[in-house]
Amino acid sequence: MAPSTLEDLIASGVRGQRVFVRADLNVPLSGDGIGDDTRIRASLPTLRRLGAAGARIVLASHLGRPKGEAKANLSLHPVARRLAELLGRPVAFAPDCVGAEVEAAVQALGDGEFLMLENLRYHAGEEKNDSEFARQLARLADVYVNDAFGTSHRAHASTVGMVEHVGRVAAGDLLRSELEHLDVILHPERPLLCLLGGAKVSDKLAVLEALAPHADVLAIGGAMAYTFLAARGEPTGESLVEADRVDEARRVVAAAEAAGRKLLLPVDHVIAQRLEAAVPTRVEKSIPDGWMGLDIGPETAAIYAAEARNAKTVLWNGPMGVFEIDAFAKGTEIVATGVAESAANSVVGGGDSLAAINQLSLGDKIGHLSTGGGASLEYVQGLQLPGVAALERGR
Ligand code: ADP
Ligand code: MG
């Protein structure tokens, strides 16, 4: 059963109630400011609706990896300031996320007002899903809303532990929208094309194994392609090959074959002798000793882009090359353009993949940009997300 929605919640009344919203405001930082505020913007609809309905909003998130200690450079205070600008409303800030002082700040909230808590991961109990820490969080809430899609694959105190202690629970608009868009990948209009790239086979092995028999076409790029090419016995030079994953790569290929699916690997490569901006590059079908593959070549990019145009549904996670360097960005650009121009319903996830799409200003031509890389990959494997399961139990 799907979790209760924000509509259900607001219809049953939230005025004057303390609504604890777990958002994912884990934004990239640059210097002492916010690098990219996409995740803050994505959280606005839920916050605006709850504010307009007169809820007293207690907003919680993690930021970075403070590992259970208060680290001043990972304070959420700058995020609260940016949120206030975007909302056009004051956002009070609590110096911690649990304890007497925080409880008093929550009690002081008026209807429609916002209080943001300090970084949940300043407490080790958050990631350990410690039951006492979960109870302390729950003391701040009459109602619990999970809008933190990007953290919903983690069973933490704020995503799972506290949920059973709060009487009324619901999914926020962002969480619900993410699940609806990703359901399209689980039940696709075919052909379904899955484009997987990025750095490592080991990061994405589970999703490769799940998608190989499910996708009509699985097209592999990025560094992970070289582990697959090595599995096939092709020369890979100095490319990033995970020697301990070659067997797994073979299994993925066999799973696709057994299911009668198409698994595509690069047929040409942009190669260089070092991973640097101004090095000489060549395009080759086979990678010589001493050279490394740093992008898919033009023929491969054209094949993958044509598959995107032919598909009815596209899932893309992971750049096709080292897109951060212009000389190795072309493959990602050609494939991204193919996805953008395709009439297919498209979903793109992953931090670097979104950065590549934004760098190319193609965001508004993609069906859905997922705010949660890891969570979206777990969901499209058909796995239960612990944060979502907790909401379903609390319904
Ligand atoms: P996402 O964040 O979208 O999930 P990943 O983090 O898995 O993507 O991978 C992105 C990284 O992979 C980028 O930093 C990119 O430079 C790197 N990458 C892609 N292709 C290659 C390659 N051929 N060799 C080395 N690194 C690569
Ligand atoms: Mg990444």
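In the predicted model, the side chains of Asp216 and Arg261 meet in a salt bridge, with an N to O distance of 3.3 Å. Asp216 is placed in the loop between helix 9 (201-211) and strand 10 (217-220), and Arg261 in the loop between helix 11 (246-258) and strand 11 (262-264), so that the contact ties together parts lying 45 residues apart in sequence. With a relative accessibility of 18%, Asp216 counts as buried because the value falls under 20%, whereas Arg261, at 26%, counts as partly exposed.

A salt bridge is also formed between the side chains of Arg56 and Asp111, for which the N to O distance is 2.8 Å. Since Arg56 belongs to strand 4 (residues 56-60) and Asp111 to the loop between helix 4 (100-107) and strand 6 (114-116), this pair ties together parts that are 55 residues apart in sequence. Arg56 is partly exposed at 23% relative accessibility, and Asp111 is likewise partly exposed, with a relative accessible area of 37%.

The search of the whole structure yields 24 salt bridges, and among them is the one in which the side chains of Glu7 and Arg49 meet at 2.7 Å, N to O. Distant parts of the chain are linked by this pair, as Glu7 lies in helix 1 (residues 6-11) and Arg49 in helix 2 (residues 38-52), 42 residues apart. Glu7, at 35% relative accessibility, counts as partly exposed, as does Arg49 at 28%. Both residues further belong to one network, in which salt bridges with shared partners join Glu7, Arg49, Asp173 and Arg176.

Methods:
Residues are numbered from 1 along each chain as its sequence is written. Chains are lettered from A and ligands numbered from 1 in the order in which they are written. This is a predicted model: local features need pLDDT of at least 70, side-chain atom pairs count only at pLDDT 80 or more; totals for chains, interfaces and linings use all residues. Side-chain values use heavy atoms; hydrogens and water are left out. A salt bridge is a side-chain nitrogen of Lys or Arg within 4 Å of a carboxyl oxygen of Asp or Glu. Helices (H or I, at least four residues) and strands (E, at least two) are DSSP runs, numbered from the N terminus. Buried means under 20% relative accessible area, exposed over 50%, partly exposed in between (1.4 Å probe, protein chains only).
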